[in-house]
Amino acid sequence: MYRPARVPSTSRFLNPYVVLFVVIAVVLVLAVTIGLLIHFLAFDKKSYFYSSSFEIPNVKYNDKLNSPATQEYRNLSGRIESAITTTFKKSDLRNQFIRAHVVKLRQKGSGVMADTVMKFKFSRNNNAASMKSRIESVLHQILNNFGNLEINPPTDVEAIDDQEAVNMFNQECGAHPNLISLSEERVVGGTKAGEGDWPWQVSLQLNGVHHCGGVLISKTWILTAAHCFRSYSDPRRWTATFGISTAFPVMRKAVNTILTHNNYNFVTHENDIAVVKLVEGVTFTKNIHMVCLPEATQNILPGSTVYVTGWGSRAYDSNPVPELEQGQVNIISNNVCNAPSSYDGAVLSSMLCAGLAQGGVDACRGDSGGPLVQQDTRRLWFLVGIVSWGEQCGLADKPGVYTRVTAYRDWIAEQTGI
């Protein structure tokens, strides 16, 4: 019977070490290939900023749209940002689009013009002209009507570099570095702050030594507490420094004028507010610029999260710290704060309380005059309080008491024009 020839087995000719080497080599090649693919597809991308202006013809411009502190400004800007986001998320650029932010609302005829910055992530080898053309094409598909909001497609989209984007954000109050990148202690129990985390924070120094905190509200004006100047009111003895270190500030400015509230009462702490004018204005940078002031009618809700910052001591009987610290606390209603077990009626309507019921996080000595801030729905930061007084630091049922900024908006405007 015919039988085909047997095919010799090759196993006897293969060295197991050779097999192992080949397997390892194949795995390494696959790993490198996959790694390179992941790098070029996911990580070899760069952020690109574009600016454009959108006309809103069916919204009549009014004074309420002058300031990002107003609810009208927040609502309109938020709706415009939402419309732009919706348009891109429905387009072929949905994976490249990161975020849009309105940096300014201004008047155009009787309507509104919204100056906007948009952020995208593209592969580095993408053609710049092609990217711009794709963005413009999507924006010209923007729906003309979002609810009752008409948005005209922009006439031009301009590519801007990172520094130009930063410069645009620097002119807007309350912008945190996270907003600029469009990413997403009289402080007891606090943590160290990073450079630029609280760009409006000021150290007011008496004869070159940190004495009080302050808050930058314009290029030339600082808001602080009146009690800081009870004993030392000569502006020539004061300087304002900026940056997270009081020993090695990144900027120092001389003080021209100190204006304390005429009706400040040291015993009751009422009207504990002052403004300081600098000899020359501050040059805004990513890490140094102003906070937003609230409207007089802005409601600060009990239980909401706020942050206090400063160089104050970590305990009542210790010294100030050289590096800026931050503490997260909650707004406490005046009714709760005025309970017999707390401040027993000493907290006036022009004051507000913030802390934790169990204590542990609070402002302390050396933080006076510094900011208590809160973030709004558009990720801008607003000044709600000025560090004023309290019983020791971080005690349970003895939260920090702050000057309520909304109660003094008219006074601030009278003194500074802001």
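## A buried aspartate

At a relative accessibility of 1%, aspartate 272 counts as buried, since the cut-off for that class is under 20% relative accessible area. The model in which this residue is described is a predicted one, and aspartate 272 sits there in the loop that links β12 and β13.

Apart from residues within four places in sequence, the neighbours in contact with aspartate 272 are Thr224, Ala225, Ala226, His227, Tyr264, Ser388 and Thr403. With one of these, serine 388, the contact is polar and runs from side chain to side chain at 2.7 Å.

## The annotated site

In the UniProt record, an unreviewed entry, the feature "active site" is placed at His227, Asp272 and Ser368. These positions span 142 residues in sequence, yet no two of their C-alpha atoms lie more than 10.1 Å apart, so they gather at one spot.

Histidine 227 belongs to the loop between β10 and β11. When residues up to four places away in sequence are not counted, histidine 227 touches Tyr264, Asp272, Ser368, Val387 and Ser388, a list that includes both of the other positions named in the record. Tyr264 and Ser388, which are among the contacts of histidine 227, also appear among those of aspartate 272.

## The barrel and the helix across it

Six strands form a closed barrel in the order β8-β9-β10-β13-β12-β11, and their pairing is antiparallel. From one strand to the next, the twist averages 45°. Within this barrel, strand β11 (residues 238-242) pairs with strand β12 (residues 251-260) in the antiparallel sense over four bridges, and phenylalanine 242 stands opposite methionine 251 of β12.

Helix α7, covering residues 409-416, lies across β10 (221-224), β12 and β13 (274-278), and runs at about 25° to β13. The strands that this helix crosses also border the loops already described, with histidine 227 following β10 in the loop that leads to β11 and aspartate 272 placed between β12 and β13.

## The protein as a whole

Taken over its full length, the protein has seven helices and 19 strands. Of its 418 residues, 49% are buried, and aspartate 272 is one of the residues that fall in this class. The accessible surface of the protein amounts to about 20400 Å², and carbon and sulfur atoms account for 53% of that area.

Technical notes. Residues numbered from 1 in each chain as written. Predicted model: local features only at pLDDT ≥ 70, side-chain atom pairs only at ≥ 80, totals over all residues. Heavy atoms only, no water. Helix = DSSP H or I, 4+ residues; strand = E, 2+ residues; numbered from the N terminus. Buried < 20%, exposed > 50% of the residue type's maximum accessible area, 1.4 Å probe, protein only. Areas by Shrake-Rupley, 256 points an atom, 1.4 Å probe, with all protein chains shown as cover. Pairing = 2+ DSSP bridges. Axes fitted to C-alpha atoms, helices over the stretch in contact; angles between N-to-C directions. Contact = heavy atoms within 4.5 Å. UniProt positions renumbered as here; feature names shortened; annotations may be inferred. Polar contact = N/O pair within 3.5 Å; in protein donor to acceptor, adjacent residues only side chain to side chain.
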